[in-house]
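Trainee: I've got the model open and I want to practise reasoning from values to labels. Can we go through it together?
Mentor: Sure, pull it up and ask away.

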Amino acid sequence: MQQGTNLPKVGSYNRAVVLEAIQASDGISRVQIAAVTGLTAQTVSVIVRRLLEEGLVVEDGSAPSRSSSGGKPRTILRVEARAGYAVGVHFDPQELSFVLADLAGRPVTRLHLPLRPRARPDAVIRGMARTARRILREAGVPDGKVLGVGLACPGPLDADGVMVSPPRLPGWDRVPIKGLLQEYTRFPVTVDNDATAAAIGERWAGIARSARGFAYLYLGTGIGGGLILDNQVYRGSSLNAAEFGHITVEPEGPECYCGNRGCVEAVCCPSAIEAALGSGAGHAAICAAAAGGEPEARRVIERVAQRLADAAVSVVNMLDIDLLVLGGPALREVGEIYREVIARAVAERPLARRLHGVRVETSPIAADAAAIGAASLVFHATYAPRLGTLVSG
Ligand SMILES: [Zn+2]
């Protein structure tokens, strides 16, 4: 949990710290907030009163005091989920996913739309805006309660939210996607690359809730990642950190479009899995067969899992983290196979294994992680302490 500061003139920072502590809990008392944030009881009390007045937080029953002398019961605080909403959009080369999320990070509506191959950027972005507006209308959310639209899209991105030569999207070089979506929706737009968005979503509403640090391995059409270190999103110097997909795992392996050889992505992405089996079966069918125990499919998936595990061990060694989360649409059916193989590798191989274990978890929100993450980008840009230093609008 982030520590607050009791110095004067840092009100808005402390406010965000308190709000985050409430959001990350399943109900928390003022005394507990003071304990986890390091703020004085008085500071917490003043901030909570203001959050209650603004309607962002509600009092929700009370918990018995833990002291044996039977002190006064503590009032439990929760985020008022209906106080604000954000639309998260995940732009994958094959489909658009939308999530309408409330302030507690819970998805209210989800929608998936296939994307026509080679659709023109302007038409796609106008379609995103139309669908976002329609979702809000159908859910009965008034504009005044919309905090913004979050967009998770394939990297690389520049700091102004312009797409720069995305490898799997010819025709999308130099598209100012953030500016256009803002213009067409007339809401503030927050943009991030899909894997980072999914990592932030995971911390907001998934398995890594309130984790201090973790690495997120995103398996989609391509393979990417996100990093939260010491409670902060680690973004690198150009917002393109954590490209786990381009760690070499087979030095003699196939050439990757990045210029490297035998990259995780070149060896482990869905199209590489299809090519490895060579039966003409699609990725989804191969994963279903592997999950059902068909030996050839199982062998291919396990081999891919081993290569992912090699990269995961390097990541764990490099960052000394104790949580690794697997997510993304390519996990469907085979998440547990990947998880087991990677968990075994990070239990046996990292240097710090005698000091701490490494938990490997599959995302409970995998199919929508990037869209939920995109929505939570908006909440983070609006409220979260320093996590708000995103590419925000
Ligand atoms: Zn590569």
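**From values to labels**

Mentor: Start with β3, which is covered on both faces: Y85, V87, V89 and F91 on one side are buried, and so are A86, G88 and H90 on the other. Keep in mind that this is a predicted model.

Trainee: What makes β3 largely enclosed by the rest of the structure?
Mentor: Seven of its seven residues are buried, so β3 counts as largely enclosed. The split into two faces fits a general rule: in a regular strand the side chains alternate between the two faces of the sheet.

Trainee: Which strands does β3 pair with, and how do you know?
Mentor: Count the bridges. DSSP has to find at least two between a pair of strands. β3 and β6 have six, in the parallel sense, and β3 and β4 have seven, running antiparallel. Both pairs clear the cut-off, so both count as paired.

Trainee: Where can I check that on single residues?
Mentor: On the β6 side, Y85 has V146 as its bridge partner, and A86 has G148. On the β4 side, V89 stands opposite F98. The link from β3 to β4 is a hairpin through three residues.

Trainee: What is the strand order in the sheet that holds β3?
Mentor: The order is β5-β4-β3-β6-β7, an open sheet with mixed pairing. β5 and β7 are called edge strands because each has a single partner, so one side of each is left without a neighbour in the sheet. From one strand to the next, the twist averages 15°.

Trainee: How do you know that β7 is paired with β6?
Mentor: There are five bridges between them, in the parallel sense, and the cut-off is at least two. Examples are V149 opposite V189 and L151 opposite V191. The chain gets from β6 to β7 through helix α5, and that β-α-β crossover is right-handed.

Trainee: Is β6 mostly covered or mostly open?
Mentor: Mostly covered: eight of its eight residues, 146-153, are buried.

Trainee: Now the other sheet. Which strands stand at its edges?
Mentor: The order there is β10-β9-β8-β11-β12, again an open sheet of five strands with mixed pairing. β10 and β12 each have a single partner strand, so one side of each lacks a neighbour in the sheet, and that puts them at the edges. Further in, β8 and β9 run antiparallel over six bridges, with F214 matched to I228.

Trainee: Over to helices. Why is the crossing of α4 and α5 called oblique?
Mentor: Their axes come within 9 Å and cross at roughly 45°. That makes α4 oblique to α5, because 45° is neither under 35 degrees nor in the 65 to 115 range, nor over 145. As for the hand, the crossing is right-handed.

Trainee: What makes α6 largely enclosed?
Mentor: Twelve of its twelve residues are buried, so the rest of the structure largely encloses it. Among them are D194, E202, R203 and W204. Its length is also close to expectation: 16 Å from first C-alpha to last, against the 16 Å expected at 1.5 Å a residue.

Trainee: How do you know whether C287 is buried or exposed?
Mentor: Count the neighbours: C287 has 23 other C-beta atoms within 10 Å. Buried takes 20 or more, so C287 is buried. C287 is in helix α9, and its C-alpha is 9.6 Å from that of P270, 17 residues away in sequence.

Trainee: And why are R118 and D320 given separate labels?
Mentor: R118 has 8 such atoms, and exposed means 12 or fewer, so R118 is exposed. D320 has 14, which falls in between 12 and 20, so D320 is partly exposed.

Trainee: What else should I look at in R118 and D320?
Mentor: The backbone. R118, in the loop between β5 and α4, has a positive phi of about 60° although it is not a glycine. D320, in the loop between α10 and β11, has a positive phi of about 55° and is not a glycine either.

Trainee: Which peptide bond is cis, with omega near -5°?
Mentor: The one from G155 to P156. P156 sits in the loop between β6 and α5.

Methods:
Residues are numbered from 1 along each chain as its sequence is written. This is a predicted model: local features need pLDDT of at least 70, side-chain atom pairs count only at pLDDT 80 or more; totals for chains, interfaces and linings use all residues. Helices (H or I, at least four residues) and strands (E, at least two) are DSSP runs, numbered from the N terminus. A crossover is right-handed if, with the strands pointing away from the viewer, the path from the first strand over the helix to the second runs clockwise. The expected span of a helix is 1.5 Å times one less than its number of residues. Axes are lines fitted to C-alpha atoms, for helices over the stretch in contact, and angles run from 0 to 180 degrees between N-to-C directions. A crossing is left-handed if the near helix is turned anticlockwise from the far one by less than a right angle, and right-handed if clockwise.
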